[in-house]
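Got the model open in your viewer? Here's a short tour of what to click on, stop by stop.

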Amino acid sequence: QLRTGADVPTPSRCHRRHFRAKSVYPALRCSTMEGLCTVPKITVALPTPFDEDQVDVPGLERMAGWVKEQGVNSVIAAGTTGEFAGMTFAERVLVLEATRRGLGVDGFLFANVSACCVDDAVQLARDAVRSNARPDALLLLPPFYHAPFSPAINAAGVEAFFRKFFNRLPRRQAAPLGG
């Protein structure tokens, strides 16, 4: 059952600034170094604009700012629109930092660290956390472009991928993933 208006739980005090638009979707919870926080109910996966063969940084900053002006304070940089798979690690960090500049420090920023290889996903997570963007959360999709043999084998493979990823991340520390 979907809840609306006054029935929707209020966001935590630490992330209240990220909620302007109303949503009927239930809030998700995420874990941070400070504890649990509420993930914004409305998040936009921004497409990455290109100018010839490079990222259009000013265009991306304008787009992130425009989305925020429309009342959406949560975005996914190099999101699930597909172009991330064809970008270098350096380009993905560039996109993350440009998105943060356009969104501002009070926006909720997801860093898309999706990759088909666990090593690449872990390195992307480290790069994102070490960047000047200071993302609020990481987004990791299951491995893509792989045809499953069967639903059971596919589910086991996806679970193994996520387990390997999380097991390779540093344990709780002062600077997550940065070590």
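Start by selecting Phe166: at 48% relative accessibility this ring is partly exposed (buried is under 20% relative accessible area, exposed over 50%, partly exposed in between, with a 1.4 Å probe and protein chains only). Bear in mind that this is a predicted model, where local features need pLDDT of at least 70, side-chain atom pairs count only at pLDDT 80 or more, and totals for chains, interfaces and linings use all residues. Residues are numbered from 1 along each chain as its sequence is written, and side-chain values use heavy atoms, leaving out hydrogens and water.

Now add Phe162, partly exposed at 21%. Phe162 and Phe166 make a stacked aromatic pair, 6.5 Å centre to centre with 20 degrees between the planes. (Rings of Phe, Tyr and Trp, the last by its six-membered ring, pair if their centres lie within 6.5 Å; planes under 30 degrees apart are stacked, over 60 edge-to-face, the rest tilted.) Both sit in helix H4 (residues 151–168), 4 residues apart, about one turn of the helix. Helices here are DSSP runs (H or I, at least four residues), numbered from the N terminus.

Next, click Phe161, which is buried at 5%. Phe161 meets Phe162 edge-to-face, at 5.6 Å centre to centre and 80 degrees between the planes. Bring in Phe165 too: ring pairs link Phe161, Phe162, Phe165 and Phe166 into a cluster. The structure holds 4 aromatic pairs.

Last stop: Cys116 and Cys117. Why no bond between them? Their sulfurs are 8.7 Å apart, too far for one, since a disulfide needs two cysteine sulfur atoms within 2.5 Å. The disulfide count is 0. Cys116 is partly exposed at 33%, and Cys117 is partly exposed at 33%.

Definitions and conventions:
Helices (H or I, at least four residues) and strands (E, at least two) are DSSP runs, numbered from the N terminus.
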